[in-house]
Amino acid sequence: MKITIVDSLMGSGKTSWIIQSMNESYTQNIFTQPNRRYMYITPLLNEVERIEVACPELKFRSPDGRHGKKFWHLERLIEDNENIASTHALFRMLTKDVSEKLKAAKYTLVIDETLSCVEFFTDLTKDDKKLIFDLNIVYVDEGTNLLRWNDEVVGDYSLGHLSRIKNLCDNGNLLVFKDSRGTSLMLWSFPVEFLECFDEVIVLTYLFDGSPMKPYLDSKGIEFDRKTIIGDRETGYEMVDYSLSNEASKKAKLRERITIYEGRSNTIGRRIGKGYPLSKSWYARAAKGEDSEISTLKTVTESFFKMVGTSSNENAAVCFKDYRGKVKGVRYGSFDKNFIAKNARATNQYAHKRSMAYLVNVFHHTMISRWFLDQGIIVDEDVYALSEMVQVIWRTAIRNDEPIDLFIPSDRMRGLLKNWLNCDSAPEFVVKLNNEMPLAC
């Protein structure tokens with residue numbers, strides 16, 4: 001299996017390049033490799049439609065879910081050797097049987113934006129979780145920490161309410177992790193064998209060092225090549241070595257068009273002591289009190305939008321979902337129209353937003369970071385935080401080369417963005433960050 005990470009700035013032409021590459025591959029290999037097939041995986045359905053339209057000769061098919069059998073249809077498309085365009089959500093449902101069919105069909109996998117490979121598993125109720133362990137319905141494999149279905153105890157089981165848990169256990173998706181502090185939790189993970197069933201894997205992303213997929217591949221000992229994209233619409237796009245990454249001209253334009261608020265309202269996000277203002281734990285603590293800090297945050301956010309003078313329709317706010325109701329206010333009061341998910345990707349539905357209040361301080365979940373650390377892998381928290389932030393900022397009018405105003409009260413997040421804007425490439429930023437450069441707050 002060959003894995004290529006195409007790590008290139010948003011708007012640099014990654015999708016245009018892969019479309020160009022797939023179309024050229026079809027033209028060049030129609031006689032020499034007539035059976036080469038692609039599976040294109042993207043976060044959103046509208047990107048699926050884009051690939052179908054942009055690659056007419058390849059005749060991409062999307063699994064049909066009109067009758068509630070989308071995964072069944074995916075399996076049929078693989079059996080028929082069709083080129084397939086689908087979503088991350090459906091791809092995460094792969095099974096061992098389907099992966100064997102993919103391996104035999106020799107597909108090339110294209111992943112638009114990195115996969116989330118390790119997550120908390122929350123689909124079991126507290127009572128069912130107690131049930132399956134108390135009755136030895138499942139057991140933890142000591143060598144791998146994978147959760148296994150105990151066929152010797154349960155016998156034939158296919159139609160009960162725990163059938164999905166059985167399928168996930170058989171698939172190798174579930175594991176139990178107990179850290180050095182004795183805290184135990186159940187995780188869902190993507191079996192690395194499901195990547196290995198492809199002849200080639202191409203991942204289109206930016207700031208891969210900060211993605212949840214990199215520590216996952218590192219923990220599995222999976223090697224990959226790193227590339228980037230150069231070129232433009234007129235001259236065409238080319239994939240080159242990552243060391244040739246150069247964002248200087250694009251960053252110069254971004255610095256001209258992005259205005260970052262500097263003033264007293266940033267005080268709410270200034271770190272004093274050991275805490276991290278505007279982190280999820282900060283919100284949880286503040287929400288338990290009299291909400292004075294959250295009320296202050298709401299007040300200064302309202303003042304920011306009033307100061308920049310953009311309309312409610314042009315305003316966007318980023319906050320942890322559980323606390324949006326605490327901070328929403330005048331000029332940004334609609335959950336649907338004003339609030340953007342902190343992990344938003346691949347959507348252009350917010351391209352009319354000219355002002356954004358980024359009200360979070362982002363970290364990996366502590367327990368998942370510990371899971372990686374237990375395997376000798378250190379998660380790069382700052383690059384992860386920056387990658388989350390720049391992706392969300394790119395959802396706004398900046399993607400159309402239009403000016404935007406940003407309110408980023410967290411001194412950590414604001415410093416990361418300013419340092420990134422002043423680095424000529426992502427590799428340069430990561431090197432400087434690892435050398436503990438001071439935050440440009």
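Me: Why is Phe339 called buried?
Reply: In this predicted model, Phe339 has a relative accessible area of 2%. Buried means under 20%, so Phe339 qualifies.

Me: Why does Tyr332 count as buried?
Reply: Its relative accessible area is 0%. The cut-off is under 20%, so the label holds for Tyr332.

Me: What makes Tyr332 and Phe339 an aromatic pair, and why is the pair called tilted?
Reply: The ring centres lie 6.2 Å apart. The limit is within 6.5 Å, so the rings pair. The planes make 50°. Stacked needs under 30 degrees and edge-to-face over 60, so this pair is tilted.

Me: Which residues form one aromatic cluster?
Reply: Tyr261, Phe304, Phe305, Tyr332, Phe335, Phe339 and Phe407.

Me: How do you know that a charge sits over the ring of Phe335?
Reply: The charged end of Lys328 is 4.8 Å from the ring centre. The distance limit is within 6 Å, and NZ must also be within 35 degrees of the ring normal. Lys328 is listed as sitting over the ring, so both conditions are met.

Me: What lies over the face of Phe363?
Reply: Arg412 does, at 4.0 Å from the ring centre. The distance limit here is again within 6 Å.

Me: How many aromatic pairs does the count come to?
Reply: The count is 18. One of them is Phe190 with Phe194.

Me: Why is the pair of Phe190 and Phe194 called edge-to-face?
Reply: The planes stand at 85°. Edge-to-face means over 60, so the name fits. The centres are 5.8 Å apart, and the limit for a pair is within 6.5 Å. Phe190 and Phe194 are both buried.

Me: How many disulfides does a search of the whole structure find?
Reply: Zero.

Me: Why is Cys169 without a bond to another cysteine?
Reply: The closest cysteine sulfur is in Cys117, 19 Å away. A disulfide needs the sulfur atoms within 2.5 Å, so Cys169 is too far for a bond. Cys169 is buried, at 1% relative accessible area.

Me: How do you know that Cys197 is in no disulfide?
Reply: The nearest cysteine sulfur, that of Cys117, is 14 Å away. The limit is within 2.5 Å, so no disulfide is counted.

Me: Why does Cys197 count as buried?
Reply: Its relative accessibility is 4%. The cut-off is under 20%, so Cys197 is buried.

Me: What makes E13 and E14 edge strands in the four-strand sheet?
Reply: The order of this open sheet is E13-E16-E15-E14, with parallel pairing. Strand E13 (258-260) and strand E14 (315-318) each have a single partner strand, so one side of each has no neighbour in the sheet.

Me: How do you know that E14 and E15 pair?
Reply: They share four bridges, in the parallel sense. Pairing takes at least two, so the strands pair. Ala317 has Ala357 in E15 as its bridge partner.

Me: Which strands does helix H13 touch?
Reply: Helix H13 (residues 292-308) touches E14, E15 and E16 as it packs on the sheet. Its direction makes about 160° with that of E15. Helix H16 (residues 381-393) touches E14, E15 and E16 too, at about 155° to E15.

Me: What makes E2 and E3 a strand pair?
Reply: They are joined in the parallel sense by four bridges. The minimum is two, so they pair. Tyr40 stands opposite Ala85 in E3.

Methods: Residues are numbered from 1 along each chain as its sequence is written. This is a predicted model: local features need pLDDT of at least 70, side-chain atom pairs count only at pLDDT 80 or more; totals for chains, interfaces and linings use all residues. Side-chain values use heavy atoms; hydrogens and water are left out. Rings of Phe, Tyr and Trp (its six-membered ring) pair if their centres lie within 6.5 Å; planes under 30 degrees apart count as stacked, over 60 as edge-to-face and the rest as tilted. Buried means under 20% relative accessible area, exposed over 50%, partly exposed in between (1.4 Å probe, protein chains only). Contact means heavy atoms within 4.5 Å. Axes are lines fitted to C-alpha atoms, for helices over the stretch in contact, and angles run from 0 to 180 degrees between N-to-C directions.
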